[in-house]
Number of protein chains: 2
Amino acid sequence: MSLPALNLSGLSFARPTLVRDGVYDHLRRVVLDGDLLPGERLGEVELGEKLGVSRTPIREALMRLVQDGLLVAEANKGVRVRTMTAAEARDAYVVREELDGLAAALAAAQHTPADADALRTALHDLNASPDGEYRTQTRLDLAFHRAITQGARNGALSDLARDLEQRVALIKHQTRTYNAHPETAAQHAAILKAILARDADQARAAARLHVRTFAALVMHNLGELA
Amino acid sequence: MSLPALNLSGLSFARPTLVRDGVYDHLRRVVLDGDLLPGERLGEVELGEKLGVSRTPIREALMRLVQDGLLVAEANKGVRVRTMTAAEARDAYVVREELDGLAAALAAAQHTPADADALRTALHDLNASPDGEYRTQTRLDLAFHRAITQGARNGALSDLARDLEQRVALIKHQTRTYNAHPETAAQHAAILKAILARDADQARAAARLHVRTFAALVMHNLGELA
DNA sequence: ATTGTGGATACTGTATACAATCTGCGGCGG
DNA sequence: CCGCCGCAGATTGTATACAGTATCCACAAT
């Protein structure tokens, strides 16, 4: 045949994306961006009308978000954005210190050249983001931490770290704590440096310190809100 | 009024339990008990007929189990019991070593007298279970480890440990690795002893060793199956 | 014999209909 | 004025109906 062969590399030829997945992604971003405040209610009919779909995919997306811990469901009373208590926030940070430390250590030991590039790019983008752009900063901060867990090359760790990151995002919005802390940039740099140097112990220590610093800041703000 | 006051302690007066929750609990137990082998398909209509409910609550339960990582969904092709690869199993155990160690350390530091009782009871029940009763042993082993995370008094840790335990349960069924390893009982005893002695470091070390031992066993069996 | 094609079947994805529960308000009685 | 009852509206929970897609097998063409 004389026809040129199809180039399939990198094109997904418009796979039939499911409605419920689209709704899930949308709502997840809305919550993570802080557009819906903790405690706010998500009505099924209202969401359906706003997104132009029926209640069925809406409900399935909400179910998944509940399982993620981003929303809470009460029988016959719908779902709301989860409100983290001070104790839940502290708990999340205790675990996150351990998991982020592990992720950094593994990333130091196992990252590929492509991972290294992704890490450098992610941190550069984060540092280049303009002050006051909280939403952008929050997303880029999340992207940097995701790049670290990506470099750890551990599926279970990625999944669990994703869970924790989402909960922490909720706390941040709740306490209105953003990444403006002066030490943040230096700590990020220290983590990246240790990972690139393949110094697992140093990377773990730097990551744990970063979590502790941020946790203290958030818990302080949480205390003030109470 | 002369009528005697109602005693509400401990009775839930037949609250209208949701169908989807019942289906979720049922299917979760079925998978965790190993009655459905990895790769096996779960048809919605078939489940609906078997349980006597419509597809709607079935789908919502399946959605939650997919999010839990127990099932995998493929677009327009239904859901199957997840098959863990050797790499995924190794990943899960790496993370579990860290989290179980943390849980044991926290439990040593923070457990209440009631937690202590629960721990002792759980281990006793496990040791008393007859050999060969794999399903019972698996459940009791899971209960013991749950008692530890319970003693840690950390909600986020409980949630994440639950996720990992479920994945590990999948691996166990897949490799047909049960708790018969001779060192298991001694290691369990060591963990319990350290926790009750409030020795966090020792508890962490004992828990990590236990995970490593078991992981090695499972990975060995996984290699043989390949 | 093998490959490709067509259609029939079964199943998932989405929408809609029906049932049950919660919520808020107005009226009635104390 | 306060509290309680009860109804009406709205919302969630479940069931069913409809649409789109994958799978399988028969059968024809090479």
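## Contacts with DNA strand D

A polar contact is a pair of N or O atoms within 3.5 Å; within protein, one must be able to donate a hydrogen and the other to accept it, and residues adjacent in sequence count only if both atoms are side-chain atoms. In this predicted model, local features need pLDDT of at least 70, side-chain atom pairs count only at pLDDT 80 or more, and totals for chains, interfaces and linings use all residues. Residues are numbered from 1 along each chain as its sequence is written, and side-chain values use heavy atoms, with hydrogens and water left out.

A backbone N or O atom of A:N76 is 3.2 Å from a phosphate oxygen of DNA strand D. For A:R59, a polar side-chain atom lies 3.1 Å from a phosphate oxygen of this strand. A polar backbone atom of B:V19 is 2.5 Å from a phosphate oxygen of DNA strand D.

## Surface near the strand

DNA strand D is surrounded by 18 residues (near: a heavy atom within 4 Å). The closest are A:R41, A:R55, B:V19, B:S54 and B:T56. Of the strand atoms within 4 Å of the protein, 67% belong to sugar or phosphate.

## Interface of chains A and B

Chain B and chain A each give 29 residues to their contact (heavy atoms within 4.5 Å). The rule finds 6 salt bridges across this interface (a side-chain nitrogen of Lys or Arg within 4 Å of a carboxyl oxygen of Asp or Glu). One of them joins A:E60 to B:R59, with the closest N and O atoms 2.9 Å apart. There are also 16 residue pairs in polar contact across the interface, both residues at pLDDT 80 or more.

How values were computed
Chains are lettered from A and ligands numbered from 1 in the order in which they are written.
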